[in-house]
Amino acid sequence: MTTAIQQQRKERIDRGIKVRSDSIYAVMSLRELSYLGLPRIILIVGMLVLPLVVPSIYWQRVFTICCIYALLAISFDFLAHYVGLVSLGGAFFVGTGGYLAAIANTSLGLPPWLTIPLATVVGGCLCTLLLLPCLPLRGVYFAIVSLMYPLFLARLIEALDILGGTDGIMGIDSFPNRWVEQYSLIVILLLILFGVRRLVNTDLGLVLRGVMDNDQAIRASGISVTFYKSVAVFIASSMGCLSGAFLVHIYMWSGISQFALDFSIIPIAATIVGGGGTLAGPLLGCLLLVPISELLRDFGTLRIVFYALILVAFIIFRSEGLLVYGQRKYHQFERWIKI
Amino acid sequence: MKDDPILKVDGITKFFGGIQALSDVSFDVHEGEILGIIGPNGSGKTTVVNCITGFIKKSAGHVYFRGKDISRKPPHKIADMGVTRTFQIMRPYYSLPAYKNLVIPLFSPRSKRTGGWRGGGRLGDRNTVGIDILEEIGFERDSYVPYKLAATLPTGYLKRLELARCLALKPEIIICDEIFSGLSMSEIASMVPLIERLQMEGITLIMIEHRLRELFRVTDRIMVLNFGKKLIEGSPKTIMANEEVKTAYFGSQNVEEVMDHA
């Protein structure tokens with residue numbers, strides 16, 4: 001019996017199947033296959049099942065708003081941890097996308113399945129153009145400018161009384177029913193999540209990570225830093241505009257509250273709670289933070305106090321983020337192997 | 001054609017505030033040669049490199065590459081033309097494995113144009129081409145070294161990685177900013193044949209060095225800078241014999257003695 005044990009040793013599953021680099025695996029059994037696939041399957045199935053199991057239509061709506069914030073959080077995480085640009089522009093992207101979709105729907109009479117892609121692409125271009133002046137610069141300029149635009153645009157709409165002024169644009173078409181609304185958003189969110197995860201590991205994604213690591217070396221390699229930064233900003237702002245366009249069709253209304261700083265701050269908090277740089281972490285963070293803030297409504301004005309306390313507790317006890325912690329633990333799973 | 005210099009530096013001057021870092025420095029580099037630039041600390045050697053490659057703006061003067069004025073071009077455009085450089089303080093992408101460091105230059109427009117990234121097959125794969133270049137430059141292919149994070153690599157490998165980044169662009173000129181500094185004697189000994197091989201492949205090199213013994217072995221011509229001014233230009237022999245250079249740089253009349261300590 002003792003000799004049998006001596007001929008075995010423990011090995012981490014991920015070490016056993018990783019071949020040299022992070023992206024190449026040698027999968028030899030169903031067990032190894034499920035080790036790699038299970039987290040992804042749990043995420044996809046969980047997201048698809050969640051709307052069916054939540055108790056009421058109210059919580060279904062909360063889940064929809066979670067998905068909206070998750071899009072913004074993924075866009076923040078992508079810019080911050082894969083391009084090195086700290087963006088406070090969530091509100092800017094949501095407002096731009098929202099107003100574009102509202103105008104396209106009410107003035108041009110386009111249906112939601114046309115206004116949303118239109119707002120995504122045109123909004124992405126518009127946001128990138130407006131942010132272009134601060135892209136050649138390193139440092140905090142991008143954060144400051146991206147924070148300034150939503151304030152600027154909201155005041156502009158208010159002061160000039162354009163685009164419906166403080167009343168906003170009303171009478172926007174909604175989705176055919178709440179299931180279409182819910183599931184189209186979930187599917188798009190999952191596609192974007194896996195798409196961005198794939199993007200950051202392509203050669204283009206490597207260049208973007210290079211911009212974050214070392215922009216001088218990028219220049220010395222004959223690559224324009226500003227061009228690739230603007231590509232990244234276009235991708236991120238398109239995601240933000242998409243969520244804004246969805247939001248106006250859900251609310252059937254577009255107003256200056258779309259430029260509210262909630263859209264900038266909550267995604268950042270979710271990224272910190274969920275774990276920056278993981279892309280799925282911000283989604284997890286939104287799924288936690290948004291319902292928590294709803295549950296705290298019972299406390300009335302003390303809501304923000306408790307919310308802040310929860311955030312502080314997260315930062316003190318799990319500063320790396322939930323998913324980074326979970327990932328580390330998951331990679332530490334061991335198995336016995338024969339020597 | 002052979003007489004036209006591949007790189008012509010014409011009277012570049014650089015002020016940092018009130019300090020004149022370079023005053024009216026001119027020199028030519030001919031195709032296929034190795035030009036050495038030496039000078040005491042703070043004499044403006046790295047500033048010359050930065051001015052040529054566009055990383056800092058010149059106060060005055062022009063740089064011509066194959067007769068074309070590249071003085072006002074941004075650094076990525078100059079690198080795109082084939083004038084590449086290494087950094088004295090190594091600048092790899094620390095969060096990426098060594099071979100992924102080369103995927104980035106292989107992604108550049110120049111690499112797409114020259115087809116440098118097309119290793120195997122018609123479409124090619126930047127990862128394998130990157131590992132090929134690393135092997136060429138002295139990374140052991142069948143070890144884990146090319147797959148290690150750049151942050152964990154020792155100085156010798158990082159210096160090679162700097163050179164590899166230039167090679168990935170299929171350059172016409174490589175400007176090496178102190179590529180031997182911080183290396184052990186054995187590491188330098190293995191770098192020298194590499195430099196000689198690059199010259200045989202037809203790449204023009206400008207080398208800024210403090211390791212004079214190795215520099216004199218590989219270079220054809222040496223330029224000496226002192227306080228931002230060009231002191232003298234000539235073959236290693238004439239440089240060593242020059243009195244001005246002795247006082248400015250070697251600080252001793254006995255050159256042989258200095259070189260033994262270098």
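In this predicted model, the hairpin formed by β9(B) and β10(B) has two residues between its strands, and F227(B) takes a positive phi near 50° there. The two strands of the hairpin, β9(B) and strand β10 (residues 229–234) of chain B, run antiparallel and are joined by five bridges. Within this pairing, I222(B) has G234(B) in β10(B) as its bridge partner.

Strand β9 (residues 221–226) of chain B also pairs with strand β3 (residues 34–38) of chain B, here in the parallel sense and over four bridges. In this case V224(B) in β9(B) stands opposite I38(B). Strand β9(B) thus pairs with β3(B) in the parallel sense and runs antiparallel to β10(B).

Chain A brings in a helix, α3 (residues 30–53), with 24 residues. A straight helix of that number of residues would span 34 Å at 1.5 Å a residue, but α3 of chain A spans only 30 Å between its end C-alpha atoms. The helix has a kink of about 45° at G37(A), shortly before the proline P39(A). Is α3(A) buried or largely in the open? Two of its 24 residues are buried, so α3(A) lies largely in the open.

The two chains also touch each other: 18 residues of chain A are in contact with 25 residues of chain B. On the chain B side, at least two residues each come from α2 (75–81), β6 (83–85), α3 (98–106) and α4 (109–114). By class, that side of chain B has 14 nonpolar residues, seven charged residues and four polar ones.

How values were computed:
Residues are numbered from 1 along each chain as its sequence is written. Chains are lettered from A and ligands numbered from 1 in the order in which they are written. This is a predicted model: local features need pLDDT of at least 70, side-chain atom pairs count only at pLDDT 80 or more; totals for chains, interfaces and linings use all residues. The expected span of a helix is 1.5 Å times one less than its number of residues. The bend at a residue is the angle between axes fitted to the seven residues ending there and the seven starting there. A residue is buried if 20 or more other C-beta atoms lie within 10 Å of its own, exposed if 12 or fewer, and partly exposed in between; C-beta atoms are placed from the backbone. Two residues are in contact if their C-beta atoms, placed from the backbone, lie within 7 Å. Ala, Val, Leu, Ile, Met, Phe, Trp, Tyr, Cys and Pro count as nonpolar, Asp, Glu, Lys and Arg as charged, and the others, Gly among them, as polar. Two strands pair if DSSP finds at least two bridges between them.
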